[in-house]
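Hi everyone, and thanks for coming. Please take a moment with the picture and the sequence, and then I'll walk you through some parts of the fold.

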Amino acid sequence: MTKLSEHLTLPCGATVPNRLVKAAMTEGLANVGGEPTPALEQLYRIWSEGGSGVLLTGNVVVDAYHLERPGNVVVDREPDEAMKAALASWARAATSAGNHAWVQISHAGRQTLKTVNPHPKAPSAVKLGLPGGQFGEPVALTVEEIADLVQRFAVAAKAMQEAGFTGVQIHGAHGYLISQFLSPRSNQRDDAYGGELAHRARFLLEIIDAVRAAVGPGFPVAVKLNSADFQKGGFAFEDSLQVAKWLEEHSVDVIEISGGTYEQPKLLGKEGIEPTEKQHVAETTLRREAYFVDFALAMQKQVSIPLMVTGGFRSRAAMEQALDEGGAALIGLGRPLCVQTDGPARLLAGAETLPRYEDDLALLPPWLDFLKGLSLVKTLSTFATTYWFYAQLDSLGRNGKVMENLSVLKAAMQVSKQQSSFLKARRSQT
């Protein structure tokens with residue numbers, strides 16, 4: 001019996017059947033009204049049959065004007081009957097094999113594309129520092145707007161519980177709105193939501209309390225938290241450790257340890273447009289495969305809450321070592337499952353490794369390698385490679401199969417066209 005197949009009982013009392021989690025990956029398969037579609041259901045039915053103990057959905061946003069990407073599911077109010085039916089149908093598909101399915105609830109903040117909102121709300125009016133002009137000038141949230149957003153997270157969580165999902169995850173990482181509040185680089189407020197860490201964490205903790213009050217004590221509530229932003233003057237590991245302790249006090253069931261932002265995409269194993277800010281955490285051999293496992297090892301010494309680590313895992317040996325050494329209670333798997341959707345079942349049956357598709361993906365041909373050092377090319381290459389995985393999820397949802405011979409350039413063009421068409425259709429309805 002492999003360690004990966006062991007069940008895990010969470011602090012709320014719910015039991016997860018094994019230690020493998022299909023990590024959150026944005027799908028872009030909602031309709032222009034933000035409702036789940038049959039394509040989204042098919043994708044999750046496929047994943048449900050793939051062996052994961054838990055499926056984590058991609059971003060479900062609480063504000064239609066702050067999409068993480070076009071095609072997000074949107075729950076920004078009490079669902080009407082049509083939305084209730086669509087959410088329930090999605091939940092049935094996502095839990096069809098008896099696994100858990102948890103919904104990731106999010107708000108993009110300043111990482112909202114300009115084509116979605118040229119003036120997104122954020123903790124402070126600090127623009128995203130990326131070349132290319134894809135993101136607009138943010139506007140600082142008022143205290144009243146912050147309070148409204150806290151309640152939106154709670155409304156969305158309750159809606160997902162009533163739809164039949166078995167848990168929720170609050171997205172507090174990767175430079176989205178909650179992460180923006182936590183970082184002193186993007187949060188320059190001087191009120192109760194800015195300044196010292198306790199104030200910067202207030203928004204997250206208020207959301208957790210509101211969500212827990214809405215769903216009750218026996219429903220899994222997880223948080224995705226950056227180990228660090230890896231940016232000078234940003235959210236550091238020492239901050240993350242303190243926030244984790246507070247989350248444990250506020251009855252969170254799982255913390256998923258990740259890291260980085262759009263400016264510093266460590267979650268993708270990439271370097272950003274500035275040097276990576278080194279964090280003072282002991283390194284182990286596990287770091288060669290799993291980006292954030294050393295942070296989890298250090299954090300687990302000071303909190304008892306189960307930790308999940310996503311990012312880089314491919315070999316069963318490394319996954320089991322992380323579980324044995326206390327670096328993770330749950331293993332998150334992302335990109336491999338965009339193609340090999342039954343990867344968890346294979347691992348549980350004894351497979352030694354999962355494929356690393358990104359090693360063979362490149363936007364530029366080899367003879368243009370000399371351009372890879374340019375900031376704009378770095379940014380475009382990161383997004384284009386990500387779009388290849390987006391295109392595979394789109395194909396799985398719509399056609400039930402992947403596109404084996406898809407190039408990065410063709411995928412980028414396809415996804416860009418789909419997103420433009422989506423936004424055009426949405427504008428025509430408003």
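Let's begin with one pair of residues: lysine 224 stands opposite glutamate 256 in strand E11. Before I go on, please keep in mind that this is a predicted model, where local features need pLDDT of at least 70 and side-chain atom pairs count only at pLDDT 80 or more, while totals for chains, interfaces and linings use all residues. Residues are numbered from 1 along each chain as its sequence is written, and side-chain values use heavy atoms, with hydrogens and water left out.

A word on the labels: helices (H or I, at least four residues) and strands (E, at least two) are DSSP runs, numbered from the N terminus. When I say that two strands pair, DSSP finds at least two bridges between them. And buried means under 20% relative accessible area, exposed means over 50%, and partly exposed is in between, with a 1.4 Å probe and protein chains only.

Back to our pair. E10 and E11 run parallel and are joined by five bridges. How many of the residues of E11 are buried? Five of the five, for residues 254-258, so the strand is largely enclosed by the rest of the structure. Val254, Glu256 and Ser258 point one way, Ile255 and Ile257 point the other way, and all are buried. That fits a pattern worth learning: in a regular strand the side chains alternate between the two faces of the sheet.

Now step across to the other partner of E10. Strand E10, residues 221-226, also pairs with E9 in the parallel sense, over five bridges. Here glutamine 169 stands opposite alanine 222 in E10. E9 itself covers residues 167-172, and six of its six residues are buried. On one side you find Gly167, Gln169 and His171, and on the other Val168, Ile170 and Gly172. E9 has a further parallel partner, strand E6 (residues 100-106), with four bridges between them. In that pairing, isoleucine 105 has isoleucine 170 as its bridge partner.

Let's turn to two helices. Helix H3 (residues 143-163) and helix H6 (residues 202-215) have axes that come within 8 Å and cross at roughly 35 degrees. Those axes are lines fitted to C-alpha atoms, for helices over the stretch in contact, and the angles run from 0 to 180 degrees between N-to-C directions. H3 passes H6 in a right-handed crossing; the near helix is turned clockwise from the far one by less than a right angle, whereas anticlockwise would make it left-handed. Contact, by the way, means heavy atoms within 4.5 Å. From H3 the contact includes Ile146, Leu149 and Phe153, and from H6 it includes Phe203, Ile207 and Val211. The residues of this contact divide into twelve nonpolar, two polar and two charged. For that count, Ala, Val, Leu, Ile, Met, Phe, Trp, Tyr, Cys and Pro are nonpolar, Asp, Glu, Lys and Arg are charged, and the others, Gly among them, are polar.

Next, some loops. Asparagine 187 lies between helix H4 (177-182) and helix H5 (197-200). Is asparagine 187 buried or exposed? It is buried, with a relative accessible area of 3%. Its side chain reaches the backbone oxygen of phenylalanine 181 at 2.8 Å, and a polar atom of that side chain lies 2.7 Å from the backbone oxygen of tyrosine 193.

Asparagine 72 sits in the loop between E4 and strand E5 (73-74). Asparagine 72 is also buried, at 2% relative accessible area. Which backbone atoms does its side chain reach? The nitrogen of glutamate 68 at 2.7 Å, and the nitrogen of arginine 69 at 2.9 Å.

Serine 52 is in the loop between helix H1 (38-48) and strand E4 (54-61). With 5% relative accessibility, serine 52 counts as buried. Its C-alpha atom is separated by 9.9 Å from that of glycine 98, although the two residues are 46 apart along the chain. H1, just before this loop, is mostly covered, with eight of its eleven residues buried; Tyr44 and Trp47 are among them.

Finally, let's zoom out. The protein chain has twelve helices and 13 strands, and buried residues make up 60% of its 430 residues. Thanks for listening!

Note on methods: Polar contact = N/O pair within 3.5 Å; in protein donor to acceptor, adjacent residues only side chain to side chain.
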